[in-house]
Amino acid sequence: MENLPSSKSVLNVEILQKRRSVQDKTSIIEEVKNVIKTMPMLRTESFLPKDKMKTHIAEHIIHVKICELDATSEIKHVETTSVEIEYYVYKLEECGPSIEELEESEEEIPAATHWMLPALEFEDLWENLVFDTPVKEHLLRFVKTSLLFSKKGLKSSIITWNKVVLLHGPPGTGKTSLCKALAQKLSIRLSKQYKYSQILEINSHSLFSKWFSESGKLVQKMFTRITELVEDPDALVILLIDEVESLTLARQSGGSNGDPSDAIRVVNAVLTQLDQIKKFPNVLILTTSNLSTSVDLAFVDRADIKQYIGPPSHAAIYQIYHSCIGELERTGIIMDKEKIFTLQELQVSNMIENDATKLSICLWKIAEMSQGFSGRALRKIPFLAQALFATSDQMSHEHFLVAMQKAVLKETQDRKALGK
């Protein structure tokens, strides 16, 4: 029987190089490899100490991150010799986004926002998104497989895939952020295949023309521009359509008396353009919807993955708050050296309250009070705590947790008042 390739798990290591550094990537990777060889164990989701590296190399690096192990989202300690390590060196684009405009009746319409990747704005976004299931890792594997099938030239008449992702669920659950974070991660992980990457976020509302029947033409113009970008085989092009129901409203609700409305023309134009652009191996379409039942079934059918993103659970809320407190510690707003456990550490303690776990148990209770909040609302709580209930610019963990509890209570009361 023919020998198969090694089945070792793959550990990903990302090396962020300083923007103005001219050090070649090969020497940077070699130095990081040499350091890792001296370490019998590695911890995923951690940073490699720069002081272990030679000074002339370390000064070119911002950080070295030990990332996930294959598609596993859990933090693990792994033996260095038991894994195959993939290294990625990248620099961040600092120029910010540009606006893609389309001309309509002598007016310039802002049709899309355009970022070159990896972008400074999206750095650490992937790591700070918390979900109850390994949705991030599954999406990463799905996209890499989609692009692999396209690159290898598999016949779509035999195996069907469209490179279209649909994330759906209530507002504020992180769908758009996840799309941007995924695009950022792909720009790093596929940098050996593509010289540069970019993401275009379509302004769906701008593509609806105030001139009747012009919207379909605007969609065609937008995709003509996208086609120009994807015709470069060295470019990875990611298209983000937020609130895709704006462009793909179910056609059965879009017209009356059998007369096609402008909305129906837009849907037809989008579906036609998607079918044409999927032939390019270097394009990916990421979409989100707050109203998935309103999306045209023909578009839903084209989506390879239809992933629901719901409100955070009790455990996910705890992890979100834990990351927020870590940032406050990093910047010196929380000053004392007391420790708040990670969720895994707290679970190992069986949630038993004692001197060591009391702060962590307090945060767990605050997370329980916060159930029902969106991810967007949760990340505002530390700000509200500091703005409304903090007694100084620098606080202890204990005092800040009291302020957070008050902020959650106020947010809950404010929501009830709005409901009335």
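The following exercises, each with a worked solution, concern the structure shown above.

The model is predicted: local features need pLDDT of at least 70, side-chain atom pairs count only at pLDDT 80 or more, and totals for chains, interfaces and linings use all residues. Residues are numbered from 1 along each chain as its sequence is written, and side-chain values use heavy atoms, with hydrogens and water left out.

**Exercise 1. Confidence**

Determine where in the chain confidence is lowest and where it is highest.

*Solution.* Begin with the scale: pLDDT is the predictor's confidence in each residue, from 0 to 100. The chain has an average pLDDT of 89, and 93% of the residues score at least 70. Next, consider the helices (DSSP runs of H or I, at least four residues) and strands (runs of E, at least two), numbered from the N terminus. Confidence is lowest in strand β7 (residues 98–104), with a mean of 84, and highest in helix α11 (residues 358–369), at 98. Finally, residues 255–259 stay under a pLDDT of 50. For this stretch the model has two contacts beyond four places in sequence, a contact being heavy atoms within 4.5 Å.

**Exercise 2. Salt bridges**

Identify which parts of the chain are tied together by the pair Arg19 and Glu93, and then examine the network that contains Glu68.

*Solution.* A salt bridge is a side-chain nitrogen of Lys or Arg within 4 Å of a carboxyl oxygen of Asp or Glu. The whole structure yields 18 of them.

Step 1. Arg19 and Glu93 meet through their side chains at 3.6 Å, N to O. Arg19 belongs to the loop between β1 (9–17) and α1 (25–37), and Glu93 to the loop between β6 (83–90) and β7, so the pair ties together parts 74 residues apart in sequence.

Step 2. Classify exposure: buried means under 20% relative accessible area, exposed over 50%, and partly exposed in between (1.4 Å probe, protein chains only). Arg19 is partly exposed because its relative accessibility is 35%; Glu93, at 22%, is partly exposed as well.

Step 3. Glu68 and Arg189 form a salt bridge of 2.8 Å, N to O. This pair links strand β4 (residues 61–69), which holds Glu68, to helix α5 (residues 175–189), which holds Arg189, across 121 residues. Both Glu68 and Arg189 are buried.

Step 4. Lys185 bridges to Glu127, with the closest N and O atoms 3.3 Å apart. Here helix α5, with Lys185, is linked to helix α3 (residues 125–128), with Glu127, the two residues being 58 apart. Lys185 has a relative accessible area of 3% and is therefore buried, whereas Glu127, at 24%, is partly exposed.

Step 5. Glu68, Arg189, Lys185 and Glu127 are among the members of one salt-bridge network, which also includes Glu14, Glu45 and Lys65.

**Exercise 3. The surroundings of Gln405**

State which residues Gln405 contacts, leaving aside its neighbours within four places in sequence.

*Solution.* First, locate Gln405 in helix α14 (residues 397–419). Second, note its relative accessible area of 32%, which means that Gln405 is partly exposed. Third, with neighbours within four places left aside, Gln405 is in contact with Ile366 and Met369. As a further distance, the C-alpha atoms of Gln405 and Ala315 are separated by 17 Å, with their positions 90 residues apart along the chain.

**Exercise 4. Ile158**

Decide whether Ile158 is buried or exposed.

*Solution.* Ile158 is placed in the loop between α4 (135–152) and β9 (164–168). Its relative accessibility is 66%, so Ile158 counts as exposed.
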